[in-house]
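Colleague: Got a minute to go through this model with me?

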Amino acid sequence: MSGAPTLALIALILGLALWIVLARETFAAVAGFIAYGLLLTLAWVGLSAVDVAMTEAAIGAGLTGALLIGAASRLRGGGYAEVRTRRGLAVRVLAIAASVSVTAVLVACLGMLPEPSPTLVPLVADNLAATGVGNPITAVLLAFRAMDTLLEAIVLLFALIAVWSLTPDAAWGQRPDISHDAHPQGVLAYVARVLPPIGIVIAVYILWVGADAPGGKFQGATILASMWLLVMMAGLARAPPVGSAALRAWLVAGPLVFVAIGLYGAWEADAFLAYPDGFAKPLIVVIEIALMPSLAVTLALLLAGAPRNAEAVP
Amino acid sequence: MNEMWLGYCAAGLIGIGLYGLIVNPQPLHKILAFNIIGTGVFLVCAVVARRGAALGMGGDPIPQALLITAIVVAFAASAVAVALLVRLFEVEGRTTLDEEDASTRTDRDGRGA
């Protein structure tokens, strides 16, 4: 990407960000945020970060957008949109001063970045062959910095526990309800029948190709999660009750396999999450395949939120 | 120099998000503004990664991999924030954090969050 297209993209991104911040109508702001996320995807591609672009499109724009639209529609009933949205002039002037000075400091910092830039590319390139995977990002996520990925999977679990902790007492152990009152012969129900088989194939493909090309378990898991959410929103299937033992087993299976392989590394290769020589690629593939369903279930249930209707008996 | 322009764009995004975070009393708008700040920080990180490009790799894969982690964790944090907000709305029947809108309070120093 060069010259004019980059500047046009930057203008659009900044303009949309202003629109999101200044919009009075919550739905308009959220819609702007989804468009903003998709435009950012182009910026990531422009920075040669295709894996990040896919994650941003799937999670940053897609799942976060769906989450916020769901929240906006849930809050709409209570006069939410009519709340006065602006503060006094003094606060606004101070806020503008604060944001302009933060931006100025950041621009100055960017100007002081060292030249030539420090880089870990040579280290990654030297050790990539030992992992057996061709995509350096996957090698970083599952070999060089596997601990980060393990902790991230656990952070997602903790976030889900936090969301479930907000369940009203009367609704505990029941199903989160995200179904819309969709007509059983309507477009949503039709799409929810046609799309999931295709989506599942694409998700598995993205998982598999992630070893050597942009892709991987997070992107694949997000597609799986959205397919499941689509089916649940159309009312074709219900969300599992949060007390279900089977559901909890699905949630922890991926991280547990990851920890078990880490311990195997401690026993066999002298360090937690180290892989014995020649076994790196198969172990990485096992971790990815084990993590994807757990991540998909966690992401979908994070979006579905806590169960809230006390009258429905599971 | 392309990546530097995107870096300045990221600095602008952080500023815009900060303004929204301070000025808008609605929690859902605050979550949006916080996400804009987050994407700005990610973009700065990606510019640093891009500057580390060498040996045919388009960018330093270590910060890029951390960014994937960051985007996923940001989603999880937003989900927790939204769940808190929805619960607050169910219990209180209102969601603004603006003290002036809470009619029982009398202090007017207007701290929102």
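Modeller: What follows covers salt bridges, then a helix crossing.

Modeller: This is a predicted model, in which local features need pLDDT of at least 70, side-chain atom pairs count only at pLDDT 80 or more, and totals for chains, interfaces and linings use all residues. Residues are numbered from 1 along each chain as its sequence is written, chains are lettered from A and ligands numbered from 1 in the order in which they are written, and side-chain values use heavy atoms, with hydrogens and water left out.

Colleague: How many salt bridges over all chains?

Modeller: Three, counting a side-chain nitrogen of Lys or Arg within 4 Å of a carboxyl oxygen of Asp or Glu.

Colleague: What does A:E288 form a salt bridge with?

Modeller: A:K217, with the closest N and O atoms 3.8 Å apart. The two are 71 residues apart, A:E288 in helix α11 and A:K217 in helix α9 of chain A; helices are DSSP runs of H or I, at least four residues, numbered from the N terminus.

Colleague: Is A:K217 buried or exposed?

Modeller: Buried, because its relative accessibility is 2%. A:E288 is buried too, at 5%. Buried means under 20% relative accessible area, exposed over 50%, partly exposed in between (1.4 Å probe, protein chains only).

Colleague: And which residue pairs with B:E90?

Modeller: B:R87, at 3.6 Å between the closest N and O atoms. Both lie in helix α3 of chain B, about one turn of the helix apart.

Colleague: New topic: at what angle do α6 of chain A and α3 of chain B cross?

Modeller: Roughly 65°, with the axes coming within 9 Å. Axes are lines fitted to C-alpha atoms over the stretch in contact, and angles run from 0 to 180 degrees between N-to-C directions.
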